[in-house]
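Colleague: Before we look at this model together, could you take me through the reasoning behind the words used to describe it?

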Protein chains: 2
Amino acid sequence: MALPRAARTQRRTRIQEAKEEQILEAALEVFSLHGFRGATVDQIAEVAGMSKPNLLYYFRTKEAMHRALITRVLDTWLDPLREFDAGGNPVSEIRSYIRRKLEMARDFPRESRLFANEILQGAPNIEDELKGPLKALVDEKAEVIRTWAKAGKIAKCDPYHLIFSIWSTTQHYADFDVQVRAVLGQDQSGDGRFEDAARFLEQLFLNGLHINEQPT
Amino acid sequence: MALPRAARTQRRTRIQEAKEEQILEAALEVFSLHGFRGATVDQIAEVAGMSKPNLLYYFRTKEAMHRALITRVLDTWLDPLREFDAGGNPVSEIRSYIRRKLEMARDFPRESRLFANEILQGAPNIEDELKGPLKALVDEKAEVIRTWAKAGKIAKCDPYHLIFSIWSTTQHYADFDVQVRAVLGQDQSGDGRFEDAARFLEQLFLNGLHINEQPT
DNA sequence: TGATAATTTGACCGGTTGGTAAACATTACA
DNA sequence: TGTAATGTTTACCAACCGGTCAAATTATCA
């Protein structure tokens, strides 16, 4: 008798691992473009290059697929913030945080859009994740920023809104890519816009926080 | 014989005007939450308080409804940027642009999400609008900003990325509202976060552009 | 090899989808 | 008022949806 993914207790075979990867890759493609309700299992199966029943052999429901995907993406998505170091100096920490987020927008736009779609549609499936782990992490880093401000290393500001503004400005280049390209024109169809964006955002945030590049 | 909306040449009756308004209001609610493919005509009809065939009497297809909605929203969405005045001084112009965008995020979050959904899903229906009228308007305002920079009124910066960053930071409070609330906690469930955001963003952009509040 | 488990497929199911046809009800107006 | 245009509803359709099933195929390994 066939044992679908969820019922297994033993370790996964090579085929299982490969196929699940293949499916999640296709699911990322489709979910990130159409959202959960707008995506169809048939479409995901087609992109994954397999039949629908075959796909459903590995993930028993559309929702299970989406859940697996969201969990994985949310986790890696927070990595740049986790690296944010309390011991470092504000200039390099904020600068490299912006750079990392911008690199993710450039290299993993589908992951960003998947996440954006989920939030945009009310985050029905990850509200707990947001109020739990995400909030905890942001609270921790906000405290670091507040400490810097109190020590006079950066201008006094609301650390939460600072984080929001870094998120939004960087993710904009993934989520609103179509608009960005339309406005910039086709000359900028390469990756030049990411370098321009990095330059601008560094200027904006470092000056905006009165950081003068002086070694601390 | 009944003449649905698209075939009419005479002026609209009071009933038509009222019903179409009622439908677009419901469509805004549903499309902004689920995107085009995720929304269903039945659902829109239910929110609008009428039967599905009745709704389809005014808008013959789901797509026609969506098109009408997008066109209207896109137009009003650009109003704040249109008000951006070349003759004004940088401080008040940039500050009030941020304020207007933030007010729209607070007062018309559904419109913002509708637009975000559309862009996120590749803007299949409004690419021309983006490359045409939108680009033209942004080009014009970018030139204003560039003039200010050359006159030494603000720091030298890429005007396009400046506009992008104002868009993204302000719209973030509409599009990612669920996340913002989750991170800030329930204490901030009122409108306080918009005032905090306004204060932070003004600080960020005015300092970021080296604008020192001096009257020009 | 052969037998057993894992994988893949085509046919199919009940429910939902966007949209239609035509009968019925209401309004506008001569 | 009458009547023609406008507006609304019930019943319905074919296509598509997520998901199931049993049969067929392939991999595993004693």
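Modeller: Let us begin with a pair of helices in this predicted model: the axes of helix H10 (residues 177–184) of chain A and helix H9 (residues 159–175) of chain B come within 11 Å and cross at roughly 150°.

Colleague: What makes H10(A) roughly antiparallel to H9(B)?

Modeller: Angles over 145 degrees count as roughly antiparallel, and the crossing angle here is roughly 150°, so H10(A) is roughly antiparallel to H9(B). The contact is made by A:Gln179, A:Val180, A:Val183 and A:Leu184 of H10(A), which meet B:Tyr160, B:Phe164 and B:Trp167 of H9(B), and the crossing of these helices is right-handed.

Colleague: Why are H6(B) and H11(B) described as roughly antiparallel to each other?

Modeller: The axes of helix H6 (residues 90–107) of chain B and helix H11 (residues 192–208) of chain B come within 10 Å and cross at roughly 150°. Set against the cut-off of over 145 degrees, this angle leads to the conclusion that H6(B) and H11(B) are roughly antiparallel. H6(B) passes H11(B) in a right-handed crossing, and among the residues that meet there are B:Val91, B:Ile94 and B:Leu102 in H6(B), with B:Phe194, B:Leu201 and B:Phe205 in H11(B).

Colleague: How do you know that the two copies are related as by a two-fold rotation axis?

Modeller: Chain A can be laid on chain B by a turn of 180° with a shift of 0.0 Å along the axis, and the RMSD is 0.1 Å. The two copies are thus related as by a two-fold rotation axis.

Colleague: How do you know that the copies meet through the same surface?

Modeller: Of the interface residues of chain A, 100% are also interface residues in chain B, so the two copies meet through the same surface.

Colleague: Which secondary structure makes up chain A, and what does UniProt place at residues 17–77?

Modeller: Chain A has 11 helices and 0 strands. The unreviewed UniProt entry places the feature "domain: HTH tetR-type" at residues 17–77 of chain A, a span that is 87% helix and 0% strand, with its end C-alpha atoms 22 Å apart.

Colleague: Where in chain A is the pLDDT below 50?

Modeller: The mean pLDDT of chain A is 90, and 91% of its residues reach 70 or more. Over residues 5–11 of chain A, however, the pLDDT is below 50, and this stretch has 9 contacts in the model beyond near neighbours in sequence. Where pLDDT is low, the predicted coordinates should not be read in detail.

Notes: Residues numbered from 1 in each chain as written. Chains lettered and ligands numbered in written order. Predicted model: local features only at pLDDT ≥ 70, side-chain atom pairs only at ≥ 80, totals over all residues. Heavy atoms only, no water. UniProt positions renumbered as here; feature names shortened; annotations may be inferred. Helix = DSSP H or I, 4+ residues; strand = E, 2+ residues; numbered from the N terminus. Least-squares fit on C-alpha atoms with pLDDT ≥ 70 in both. Contact = heavy atoms within 4.5 Å. pLDDT = per-residue confidence, 0-100. Axes fitted to C-alpha atoms, helices over the stretch in contact; angles between N-to-C directions. Parallel < 35°, antiparallel > 145°, perpendicular 65-115°, else oblique. Left-handed = near helix turned anticlockwise from the far one by under 90°.
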